[in-house]
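Colleague: Hi! I'm new to this one, so could you walk me through it?
Modeller: Happy to. Here it is.

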Amino acid sequence: MPRPVAGVICCTRTVGIEPAQAVMNRYVAHAMAYADAAALLVPSMPELMKASEVAPRLDGLLLTGSPSNLDPATYGQAMDDAPGPFDAARDAMTRDLIAAMLDLGRPVFGICRGFQEINVAFGGSLRRDMAHAAELIAHHAPDEADFNAMFDHLHPVELTPGGVLARAFGTERASVNSVHYQGVDRLGDGLSVEARAPDGVVEAVSATVNGAPLLAVQWHPEWRTAAHPQSQTFFQVFGRALRGAPLVDETPGVPQ
């Protein structure tokens with residue numbers, strides 16, 4: 001039986017001196033391996049392709065993390081204090097893809113930037129002061145940390161009792177890696193909180209739209225996934241969504 005096909009969004013990156021469509025292998029490889037799915041990369045080139053053309057060919061969509069930030073104009077705020085880099089093409093493509101996939105009743109999952117894109121698509125906004133707000137915990141490693149240490153920076157989260165993640169993980173607490181300077185300010189309409197950091201910052205959300213499940217996390221389950229069972233579970237839940245199955249199999253005696 002053919003495996004479902006997950007669309008994975010690309011970013012606009014510079015390779016040498018040329019613009020390129022790119023996504024880090026860790027997102028694609030771990031989605032394919034743990035969701036047991038095939039994958040297609042979706043270019044962020046809205047001037048050449050409409051989301052409505054590609055959405056019907058996908059069984060689900062994964063919105064990845066990225067070095068770029070959403071343009072604050074996408075959530076109605078001025079740009080004068082906004083840190084980049086930006087990726088306007090991805091902003092436009094993901095906005096339209098989220099709507100097109102959910103209109104078709106097909107699942108959308110998000111990681112880091114993808115989590116933020118989903119919040120904005122549902123009418124939410126982002127705060128950009130998380131690097132220096134005194135009332136917040138450290139959501140990013142110190143600037144001097146190397147690449148590996150940056151992704152290994154951890155903090156706890158409380159999972160919403162009865163939520164998708166709490167049921168899938170079999171716990172109401174988790175330790176997650178945290179690599180973000182921006183995060184949720186106003187929660188998008190219709191989104192349910194799946195996890196919060198100790199400072200109250202929303203770290204995961206879920207929703208169901210037209211029968212389609214939506215699940216997104218601020219952290220990075222694609223980082224060293226083989227060493228983290230809960231990260232594997234995130235992608236396994238994605239695989240269930242791609243197949244139209246309940247996100248959590250709660251049949252007595254069946255391991256999650």
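Modeller: Let's begin with Glu135, which is exposed, with a relative accessible area of 54%. Keep in mind that this is a predicted model.

Colleague: Thanks! Which residue does Glu135 form a salt bridge with?
Modeller: Its partner is Arg127, and the closest N and O atoms are 3.0 Å apart.

Colleague: And Arg127 itself, buried or exposed?
Modeller: Arg127 is buried, at 19% relative accessible area. The cut-off for buried is under 20%.

Colleague: What other side chain meets Arg127 in a salt bridge?
Modeller: Asp129 does, with an N to O distance of 2.7 Å. Asp129 counts as partly exposed because its relative accessibility is 25%.

Colleague: How many salt bridges are there in the count?
Modeller: The count comes to 11. One of them joins the side chains of Arg95 and Asp96, at 3.0 Å from N to O. Asp96 has 33% relative accessibility, so Asp96 counts as partly exposed.

Colleague: Which residues are linked in a network of salt bridges?
Modeller: Arg90, Asp91, Arg113 and Glu117 are. Two names from that network, Arg113 and Glu117, come up again among the buried residues of helix H4.

Colleague: Oh, let's look at H4 then. Why is it described as largely enclosed by the rest of the structure?
Modeller: Because eight of the nine residues in H4, which covers residues 113–121, are buried. Besides Arg113 and Glu117, the buried ones are Gly114, Phe115, Gln116, Ile118, Asn119 and Val120.

Colleague: What comes just after H4?
Modeller: Gly123 is found there, with a positive phi of about 90°.

Colleague: Changing topic: how do helices H1 and H7 cross?
Modeller: Their axes come within 8 Å and cross at roughly 70°. That angle makes H1 roughly perpendicular to H7, since angles of 65 to 115 degrees count that way. The crossing is right-handed.

Colleague: Which residues make the contact?
Modeller: From H1, they are His30, Ala31, Tyr34 and Ala35. H7 brings Gln232, Phe235, Gln236, Phe238, Gly239 and Leu242.

Colleague: And what's the mix by class?
Modeller: The contact of H1 with H7 has six nonpolar and four polar residues, with no charged ones.

Colleague: Where do the two helices sit in the numbering?
Modeller: H1 runs over residues 25–35, and H7 over residues 229–242.

Key. Residues numbered from 1 in each chain as written. Predicted model: local features only at pLDDT ≥ 70, side-chain atom pairs only at ≥ 80, totals over all residues. Heavy atoms only, no water. Axes fitted to C-alpha atoms, helices over the stretch in contact; angles between N-to-C directions. Helix = DSSP H or I, 4+ residues; strand = E, 2+ residues; numbered from the N terminus. Parallel < 35°, antiparallel > 145°, perpendicular 65-115°, else oblique. Left-handed = near helix turned anticlockwise from the far one by under 90°. Contact = heavy atoms within 4.5 Å. Nonpolar A, V, L, I, M, F, W, Y, C, P; charged D, E, K, R; others polar. Salt bridge = Lys/Arg side-chain N within 4 Å of Asp/Glu carboxyl O. Buried < 20%, exposed > 50% of the residue type's maximum accessible area, 1.4 Å probe, protein only.
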